[in-house]
Amino acid sequence: MASEDVKRTSDSAVSTIVNLAEEAKLASEGVKAPTGHVLLSIAKSLVAGGVAGGVSRTAVAPLERLKILLQVQNPHSIKYKGTIQGLKYIWRTEGFRGLFKGNGTNCARIVPNSAVKFFSYEEASKGILWFYRQQTGNGMTTSRCSTHTLLRLGAGACAGIIAMSATYPMDMVRGRLTVQVPYVGLNFAVYESLKDWLIKSRPFGLVQDSELSVLTRLACGAAAGTVGQTVAYPLDVIRRRMQMVEYTGMVDAFRKTVRHEGFGALYKGLVPNSVKVVPSIAIAFVTYEVVKDVLGVEMRISD
């Protein structure tokens, strides 16, 4: 019964956001868009998001494989230490294909999640921005930059909730939402805000003809991934500890971890995990935008 309620809630949220976004688009254009055009646009956006997830996951597949091997390695028979030594060991014993073993299964999980996440963010950002303008009668001017960032953060949080609810078994949703919502929200908010700042301020000649280069966008994605990973990582550490040790709740887990091991315990493993996550986020953002450009999908409503 609880799973059905969660599913109905997520479906309702998706429908509401899609409806808001379409109303916003129609209101700005002043015409009624054909149903076929809307469906094609949705399909293209989902394809772009799925491709972004598949490409970004495949790009860091060797690091993902290494992480798993390090976690299950026999402590009494350590064959490699560190990233470089581990990758060399996989190459030597299993060859090139060994670096990507299991990637197909990972992509089968990541692709639909990424497709729903990016599509949900686009629709949520349009819907929330349109609703904000309807309520306040204000546009997103430079003086309201902080408000715009908060709206993006909210849209990213909505995207995280919808993507997790739509693509993960219901019994896994509750625990993962604790970490993924702030993480996804921060990723989108930092990436979009940083791009806007670069386009408006044009520092160091990074912007030409109001367009950012692929390398600059990769840097924006890497910065977004770093911020999101750093802020949300302690939540992930606590979530994993709660699966292994009995605590009365998340607050109790935080308090005991910091008291017995220090604040640094909340960031154990952050650096090696970031080596995998940060480039993955950067590649996902840029791939999504490139594929959308190729497919001719409108990126977002004007600020």
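**Stop 1: helix 2.** Select residues 35-59, which form helix 2, and colour V38, I42, S45, A48, G49, G50, A52, G53, G54, S56 and R57: these residues of the helix are buried. Keep in mind on this tour that you are looking at a predicted model. Now take the C-alpha atoms at the two ends of helix 2: they lie 36 Å apart. At 1.5 Å a residue, the 25 residues of this helix should span 36 Å, so the expected span and the model agree.

**Stop 2: a serine beside helix 2.** Next, click on S114, which sits in helix 5. Is S114 buried or exposed? Its relative accessible area is 4%, and because buried means under 20%, S114 counts as buried. Which residues does S114 touch, leaving aside those up to four places away in sequence? The answer is G49, A52 and G53, and you have already coloured these three, since G49, A52 and G53 are among the buried residues of helix 2.

**Stop 3: helix 2 meets helix 10.** Keep helix 2 on screen and add residues 270-295, which are helix 10. Two packed helices are described by the angle between their axes and the distance between the axes. Here the axes come within 8 Å and cross at roughly 145°, and the crossing is right-handed. To see the contact itself, show the side of helix 2 with K44, S45, V47, A48, G49, V51, A52, V55, S56 and A59. Facing them from helix 10 are S280, I283, A284, T287, Y288, V291, K292 and L295. What kinds of residue make up this contact? There are 11 nonpolar, five polar and two charged ones.

**Stop 4: aromatic rings.** Now show the aromatic side chains; the whole structure holds nine aromatic pairs. A pair of aromatic rings is described by the distance of the centres and the angle of the planes. Start with F96 and F100: the ring centres are 5.2 Å apart and the planes stand at 45°, so this pair is tilted. F100 is partly exposed, with a relative accessibility of 26%.

Move on to Y121 and F188. Their ring centres are 3.9 Å apart and their planes are at 10°, so this pair is stacked. Y121 belongs to helix 5 (residues 103-136) and F188 to helix 7 (residues 170-201), so the pair ties together parts 67 residues apart in sequence. Both Y121 and F188 are buried.

**Last stop: a ring cluster.** Finally, select F118, Y121, F188, Y191, F285 and Y288 together: ring pairs link them into a cluster. You have met Y288 before, in the contact of helix 10 with helix 2.

Technical notes. Residues numbered from 1 in each chain as written. Predicted model: local features only at pLDDT ≥ 70, side-chain atom pairs only at ≥ 80, totals over all residues. Heavy atoms only, no water. Axes fitted to C-alpha atoms, helices over the stretch in contact; angles between N-to-C directions. Helix = DSSP H or I, 4+ residues; strand = E, 2+ residues; numbered from the N terminus. Left-handed = near helix turned anticlockwise from the far one by under 90°. Contact = heavy atoms within 4.5 Å. Nonpolar A, V, L, I, M, F, W, Y, C, P; charged D, E, K, R; others polar. Phe/Tyr/Trp six-rings, centres within 6.5 Å; stacked < 30°, edge-to-face > 60°. Buried < 20%, exposed > 50% of the residue type's maximum accessible area, 1.4 Å probe, protein only. Expected span 1.5 Å × (residues − 1).
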